[in-house]
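New to this one? Here's a quick walk through a predicted model, so have a look at the sequence and the fold before reading on.

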Amino acid sequence: AEGWQRCVAARQHLSGSLHQLERELAGFVTPEYETSLRRAFADAAGVLVVNPLIAELCKPYSQAVHVIPSGFDPARFPWTDFRDDSISSATPTTLLFAGLPQEAMKGFPVLLEACRQLWSRRQDFRLQVTAEPGDFHEPFCEFLGWQSQHELPLRMRAADVIVCPTIAEEALGRTAVEAMGAWRPVVASRIGGLPFTVLDEATGLLCRPGDAADLARQLERLLEDAELRERLGRNGRRRFESEFTWPVILERGYRPLLG
């Protein structure tokens with residue numbers, strides 16, 4: 001436990017503010033934390049996790065581990081037909097980063113470098129960011145400011161590609177699921193739960209985490225190919241409907257569990 005605590009203390013600046021507050025609330029730095037955590041796992045009738053990777057990590061400590069992804073309200077993603085607002089082949093193509101650039105774990109600097117590499121040879125895209133400009137000044141960047149839960153799906157629907165360049169392990173990747181709900185293809189890091197959420201070459205494209213050149217390569221494939229963007233977006237919507245909406249999650253995950 002002391003090793004974990006030293007590791008987190010040295011690197012906690014890389015995680016999001018919410019994760020830091022969660023650790024503080026749970027008493028992560030206290031001597032009793034490990035004992036309390038082990039007891040909670042052992043005494044629980046079941047432990048719910050959102051991806052199989054976490055399930056394997058938990059199985060040695062719990063008698064029953066259940067993989068149940070987070071549910072999403074389909075009413076926030078009301079589009080029932082791709083043709084309502086199809087992805088355009090016109091330029092500039094819009095890439096969207098829905099996150100906080102200042103949270104290092106989200107990988108915005110990697111995306112910024114990937115876009116710089118692309119911009120050096122083509123200027124047919126723009127990068128929208130759901131944040132204030134801060135210290136970033138690039139000709140391809142457009143900062144949208146904070147978006148509400150109502151506005152964000154509309155922004156995703158208006159974009160052509162959603163980018164999730166995280167460099168830390170996401171449990172699920174909510175942004176990736178929401179992008180699929182909006183019929184949009186996803187480019188995401190091959191790390192944590194994202195490969196379970198985004199099916200490579202089917203609902204999106206995966207890249208090596210922290211590798212700006214590989215991210216640029218995958219983005220360029222989508223910049224070049226509107227038909228690929230459309231196919232991935234369609235498949236993503238099907239996956240959203242079959243795997244991640246609350247009616248599906250309740251019926252398939254919670255009803256059998258709770259009887």
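Gly3 sits in helix H1, which spans residues 2-11. Is Gly3 buried, exposed or partly exposed? Its relative accessibility is 34%, so Gly3 counts as partly exposed, since that class runs between 20% and 50%. Along the chain, Gly3 and Gly134 are 131 residues apart, and their C-alpha atoms are 35 Å apart in space.

Now for the inside. The largest nonpolar core holds 29 residues, and Leu95, Leu111, Leu127, Leu215 and Leu219 have the most contacts within it. Several elements each supply at least two residues of this core, including those in the table.

| Element | Residues |
|---|---|
| Helix H5 | 108-119 |
| Strand E4 | 125-129 |
| Strand E5 | 141-143 |
| Strand E8 | 204-207 |
| Helix H9 | 212-224 |
| Helix H10 | 226-243 |

H5 gives the largest share of this core, with seven residues. Apart from this core there's another one, made of 26 residues, with Phe77, Phe82, Leu172 and Met180 among them. In soluble globular proteins, nonpolar side chains tend to be buried together.

Back to Leu219: if you skip its neighbours within four places in sequence, Leu219 touches Leu95, Leu111, Leu118, Val161, Val163 and Val187.

Helix H6 (residues 151-158) is worth a look too. Which of its residues are buried? They're Leu152, Pro153, Met156 and Arg157. These four cover an arc of only 140° around the axis, so they end up on the same side of H6. What do they pack against? The buried residues of H6 meet strand E3 (93-97), strand E6 (161-164) and helix H7 (174-181).

Methods. Residues numbered from 1 in each chain as written. Predicted model: local features only at pLDDT ≥ 70, side-chain atom pairs only at ≥ 80, totals over all residues. Heavy atoms only, no water. Buried < 20%, exposed > 50% of the residue type's maximum accessible area, 1.4 Å probe, protein only. Arc of directions from axis to C-beta. Contact = heavy atoms within 4.5 Å. Core = buried A, V, L, I, M, F, W, Y, C linked by side-chain atoms within 4.5 Å.
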